[in-house]
Every structure is written in structure tokens, then in C-alpha cells.
2 protein chains.
Amino acid sequence: MKRKITLKHIAKELEVSISTVSKALKNSEEISRDTKEKIQAFAKLYNYRPNNIAVSLKNKRTKNIGVIIPDIVHHFFTTVISGVEKEANSKGYNVIVCLSDESFDKEVINMEMLANGSIDGFIMSLSSETQQKKDYNHLKEVTDQGIPLVLFDRVTQSVDCDKVIIDDQLGAYEATKKLLNQGKRKIALITVDDYLSVGTERTKGFIRAHKDLGIPYLEKNILKMPTMEMEEGIIREFLTKADYDAIICVNEIFAVFGMKVAKETGKKIPQDVSVIGFTDGLLSKYANPSLTAIAQHGELMGETAARMLIKRIEDESDDEFPFQTKILQPTLIERDSTIN
Amino acid sequence: MKRKITLKHIAKELEVSISTVSKALKNSEEISRDTKEKIQAFAKLYNYRPNNIAVSLKNKRTKNIGVIIPDIVHHFFTTVISGVEKEANSKGYNVIVCLSDESFDKEVINMEMLANGSIDGFIMSLSSETQQKKDYNHLKEVTDQGIPLVLFDRVTQSVDCDKVIIDDQLGAYEATKKLLNQGKRKIALITVDDYLSVGTERTKGFIRAHKDLGIPYLEKNILKMPTMEMEEGIIREFLTKADYDAIICVNEIFAVFGMKVAKETGKKIPQDVSVIGFTDGLLSKYANPSLTAIAQHGELMGETAARMLIKRIEDESDDEFPFQTKILQPTLIERDSTIN
DNA sequence: TTGTAAGCGTTATCAA
DNA sequence: TTGATAACGCTTACAA
């Protein structure tokens, strides 16, 4: 077993001091060419690499970014990680991923754990429990300590930090408007309870589109699911009883399932019922018929969040620049579940 | 901005030595009750938390696990991460996720980066490029340094380490047998090129099932895709020309798409054509008709890998126990794309 | 019962 | 041009 080699080993072997080795490997002007060459050759031969931990302790920079997300199974979060990874890696950062599992406690624990020196900054999306409790002390603790934080997608007004969101209201607005313009008058909306920021916004957009076009929306056609978790029974019951000619859903799983129930009850898609879902993931693409979707651009969101965070981390100036909220534009991807 | 408090601060404030503080916070018997209480109260008040980096440097233990996977968009890898996270967190470890993007170079870079002290061990699945090149020096370097490594799913014989795989051959074998037993005689197999370990194994299982039942398999009904990436054109062309009464695919994306093409050409599923896919993900569950799938138990795989790794990491005994390869059993989940 | 000092692997300042 | 030393924050053997 080849043990990892350190500056000390090289120094002893070549009978120079540790600091000479350190400088030589940094190609410092202070060291003579001969010595540098000798040391560099030796280091290369033994494949020397500085120990990240020691460097971190010294510099108080870990080059790690902590990402905390509610779950990893929803395609959207996956794409965000992918974007964060990409941007972070290109700037020499690693990504530590923690899952809160939609639990407040796990979110707090993970945050505390990482905040004790493991990372230079956080990128996170709030767990549903956190949004429900409206308890953001753990976030404030972290920002108080001067650790940069970027919230994305599920954010809160109560914490001062950089944010990246998509214009959820606009996404819902445009989807709704499209359907209304095509003559749909009985649109069903399957959304989530208002404590989830995305639920509120999307519902707002839905209502606003109706108002703007002077068409009444049907209160009883709005279903607010308790969480983003699939509960087939609730959706099935709702759609069985409701009178609708279109469905808009807060995520693609609900949408695909809604489509299924509609078909089961003899409705044709998109002729009888048009369906649009949030999140443009694999499900939407490969559903049958393929699903018209509101793309949330998760990868871009991740990249943007990472870029903002790294800028904050690497900002040397003492006068802090003000926090920003970047709002990305959703895109309607038209497929076969709506009339084009 | 509240700066992070250290032992030094507490020591100075309470006019004791740093080691007294350290011991008091560890509830050491050496320290008097009075002193301990005073110190603990102060630490609590100021919310003292030891700096992970300093502890890591001292103990040569980071409590971080590095996970390197080819991509994060395939549902299977996502579930593996989820399993690793779960097991790791429960044992006090964080998970650092790196994506190789199926690239050999990125795999090497990520590994080197993490190997320099950032993690206590690796869990990884080989990138396709690595399996193609058959160059595993980066893995050997790491194991030579005594860093534990657990390979999962895409593994290689060439590296001595713990491994977790599912019995891919068996999965394909059983799926094939089921179809043959139902009278299907013209099964099409959409797999991947042999350089990917999973491709080889699944093809073997397909062929073995035919042999065991004494039924000839159709060489021309086997399509080997260049990678796991979707290339609609290739699959569409293949299925358009082929004469088949069932399809088995190496992943659910291929399967769902295969189903689509079959339907487009007027075939009924499952009456005319039965379809089975590897990976039991969201796509399979919500496809229409829902897809019979060979579950790879990604979450269990992740948990198992993490458990094996942590055992290795925490093993104190000098006589190393031999490397293990755990083989998980796939499960056939029957849905509507096959006759039950 | 408390404190001193060495050490983990680096970097950086200052002295030789 | 090189080296000794202190420092990052913590742990621990040993001394007081």
C-alpha cells in the first residue's frame, strides 16, 4: 500500500526544508532552478498532491458547495443538481448533496452539519415541512455566520439571500391562456396546498389568466393536493366527479396520471381533454400521447444558482453587493396532449 | 455577522486553557464539575460546534463519502444515490456526488480531486468510456493508497474491491423465459454494445433462456445500441423492419419508445406485442400501458454499497477481510405491457 | 484538576 | 536562496 506522500516526506527525502518544498512546488521565484527541478521531479515521480483538508484549514476555503434538496426522485431536482455540478466543477468546486426528504428536521441537521466548515456556501430548495412551519432560523443562522446561501424554486421572503426562481405564475398563466383561447371553458387545475410557494403562484397564474380574458374560472375544478407526493385515489376521485375539458397539473406525474384517468373514462386526448403539466421531464416526453409541458429549466436554474453562489463566495470586496432574485422564464413545450 | 466560535475563543473568554475546554466539552472525567458546567453552558449559549475540517485533519477521517456516477438523469442512478444518502446519513456521513458524464477524463479528474483527503471512500459506477478503454489505473491508484472503493452496477473484474451488482443475466433470463413460455417466438432484444458490462450480461441471459427451452433465438432480432443514450432513429428503423412479437429493452426509455413505435405500426400491446424493460422507474409505472419491468433495486443497491463501504472505512483490524461481490436479485414487476 | 505542547499538512512571514 | 516558525482548529499524551 502506497501511503499518500506529504511535503514532509519530500523534504526529508531531499534533505531540504518543508517550506522550500512548498515554494518549489508553487514554482516560487525565491527558489533556485536546480532545487525546483529536483523537487518537482521528485513530486511528480511520487505523484504528490496537496491534501485538500489541510489546504482548507489553512485557507478557510473548502471548495465544496452544499446542495440541500427535498428529494432526488423528481426529475426537476435532478436536473438542478446536474446544472450545479456542471458550473461548480468548471470552477473547481465539488458538490455535496444532502436530501431533506421534505423533512424540517433533516434539513436542519444537514445544514448544521455542513455549516461547520464542510462547505463554502449553500444552494437549497426548502422542504415542504419547512414551508409549512415557516421556521427559517436555521437559514438565518447560516447567513448570519456569513455563509453565502442561494435559494431556488421553493424560496421564502423571510430570508435575505440570493434566489433563483422561475416565474411560476407566468407559466400557469400562459398555459391557461392557451387553453382558454382554444375555447376550453372548464379547465381543471391540479395543484398543491398554498403553503408550498409553487402551489400558490401557479394557482394565481391560473386565476389571473381567467380574469384577464374575462372568463370565470371554476372554483370546484381546482384540486389542491396535500403535497407533491402522488396520491392516486385523490386525483382519480376528483377527475371522476369533475366536469372538465382540460387539465393543468403542477407536476408531470400528476399530469400523466390525470391523462390516464381521463382516457379510462372514455375521453380522447387532446380532442376532448387537453392536458398540460409543469416540469418537462422524461415522463412528459415519452408519455402517450406526449405531454405538453411547462419547462422549468432545472439545469439552467442549477447553473445560475451555482454561478451566483460562487460569485458571492469569491467576492473579496467588503462592501457587499445587494441580494438578487433571478427570475427565469418558463417555456411552454407543445406536444400531443394539446391541440397545436 | 456572528463569526464562528472556536475553542480558542471560549478558552480566552473563560480564562482556561484550550485543552480544558476541549475536554470539558467531551464531558471528560478529568475536568471538575464546576468547570465543565461553566464551559458547557458558555458553549451552548454561543452555539459552539467543532470545525469539521480541523477534526478531519486531526483524525484523518472526513466522514464524507464520494459517489461518482455516469449521469444523474437515469432514474436508476438517482435511486442509488438516494440509498447511499440514507445509509450514509444514518451513520453520520455526508455524500459528495460527482458526475463523470460517461467521460473517462471527468471520471479521473473527479476521483483524483476527491482522493486528496476529501473523502474516506468511494462508491462508483464506471463511465461507458472507461469500460470501453478498459483503463482502470485511476481506480488502482486509489485502492493502492488504501482508500476503500465499492463498485456498483457497472463494474470490472480488473479491479480488486468490493462490488454490488444485480444479476443482470438472471433478469434477462427470466423476462425472456416468461415470454417464451407464453408462446412468443420472435422476441426482439434492444440492448447495448458489449463493452458495457450490463449489455453483455443481459444479452447472455436472453440467449441462455432460449437455449434452455430449446428454442432458437433470432440473431437479427437483437439490436445493440452504441450507448445507453436514446437514439430514436436507430430504434425506429430496427422495429420497422423487424418481425417481432415481443420486445425486451435494457432500459425503460428504450422500452417506452419501443412501445410507441409498435403502436404506431398498428400493433396492440400486449396482445400482439409484449414489452419488458429493465429499470422499474417512473416511466414504467406511468407509461400507457404501464410497463412490465425488471426492477434493479437501485435504492437497495445504494444502501448495500454504502454499508459495505462504511464497514471497510471503519474496520480497525489490520488483517483485511477479503473483498466481496454482493449480487442482488432482480424482480420482475408485471404490469400491462405483458399478458399476465 | 488543569495546562503545556506536539501534531495533523499546508501556507506565509520573517530571519538567516 | 533557503529555512525556522507560527498559524489554521482540534485532540491527546504528558507534565504540573
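The dialogue below goes through the interface of chains A and B, the two DNA strands and some backbone features of a predicted model.

Visitor: What kind of model is this, and how are residues and chains labelled?

Guide: The model is predicted, and local features need pLDDT of at least 70, side-chain atom pairs count only at pLDDT 80 or more, and totals for chains, interfaces and linings use all residues. Residues are numbered from 1 along each chain as its sequence is written, chains are lettered from A and ligands numbered from 1 in the order in which they are written, and side-chain values use heavy atoms, with hydrogens and water left out.

Visitor: How do you know that chain A and chain B are in contact?

Guide: Contact means heavy atoms within 4.5 Å. By that rule 53 residues of chain A touch 53 residues of chain B.

Visitor: What is meant by the area that chain A and chain B bury?

Guide: Buried area is the accessible area (1.4 Å probe) that two parts lose on being put together, summed over both. For chain A and chain B this comes to about 5100 Å², with 55% of it on carbon and sulfur atoms. On the chain A side, I53(A), N116(A) and Y286(A) supply 14% of the area buried against chain B, more than any other three residues.

Visitor: What makes K2(A) and E141(B) a salt bridge?

Guide: The term requires a side-chain nitrogen of Lys or Arg within 4 Å of a carboxyl oxygen of Asp or Glu. In K2(A) and E141(B) the closest N and O atoms are 3.8 Å apart, so the pair meets the rule. Between chain A and chain B the count is 4 salt bridges.

Visitor: Which elements of chain A touch chain B, and what classes of residue are found there?

Guide: Helices (H or I, at least four residues) and strands (E, at least two) are DSSP runs, numbered from the N terminus. Elements giving two or more residues to this side of chain A include α4 (52-59), α5 (75-90), β2 (94-99) and α6 (104-115). The side of chain A that touches chain B has 23 nonpolar, 18 polar and 12 charged residues. Here Ala, Val, Leu, Ile, Met, Phe, Trp, Tyr, Cys and Pro count as nonpolar, Asp, Glu, Lys and Arg as charged, and the others, Gly among them, as polar.

Visitor: Why are β2(A) and β2 of chain B said to pair?

Guide: Two strands pair if DSSP finds at least two bridges between them. β2(A) and β2 of chain B are joined by 3 bridges and run antiparallel, so the rule is met. I96(A) has I96(B) as its bridge partner in β2(B).

Visitor: How do you know which residues are near DNA strand D?

Guide: A residue is near a strand if one of its heavy atoms lies within 4 Å of it. DNA strand D is surrounded by 26 residues, the closest being T20(A), K23(A), T35(A), K60(A) and Y48(B). Of the strand D atoms that come within 4 Å of the protein, 64% are accounted for by sugar and phosphate. α2(B) gives the most to this surface, with 4 residues.

Visitor: What makes K23(A) a polar contact of DNA strand D?

Guide: A polar contact is a pair of N or O atoms within 3.5 Å; within protein, one must be able to donate a hydrogen and the other to accept it, and residues adjacent in sequence count only if both atoms are side-chain atoms. An N or O atom in the side chain of K23(A) is 2.3 Å from a base oxygen of DNA strand D, so the distance satisfies the rule. S19(A) has a polar side-chain atom 3.1 Å from a base nitrogen of DNA strand D.

Visitor: Which residues are closest to DNA strand C?

Guide: S19(B), T20(B), K23(B), T35(B) and K58(B) are the closest of 26 residues around DNA strand C. The side chain of T20(B) has an N or O atom 2.6 Å from a phosphate oxygen of DNA strand C. K58(A) places a polar side-chain atom 3.0 Å from a base oxygen of DNA strand C, and K58(A) also has a side-chain N or O atom 3.4 Å from a base nitrogen of DNA strand D.

Visitor: Why does the salt bridge of R49(A) and E112(B) join two chains?

Guide: The N to O distance in the R49(A) and E112(B) salt bridge is 2.8 Å. R49(A) lies in the loop between α3 (33-45) and α4 of chain A, and E112(B) in helix α6 (residues 104-115) of chain B, so the pair joins two chains.

Visitor: What is notable about the backbone at P270(A) and K134(A)?

Guide: I269(A) and P270(A) are joined by a cis peptide bond, with omega about 10°. P270(A) sits in the loop between α12 and β9 (274-278) of chain A. K134(A), a residue other than glycine, has a positive phi, near 55°. Most residues other than glycine have a negative phi, and most peptide bonds are trans.
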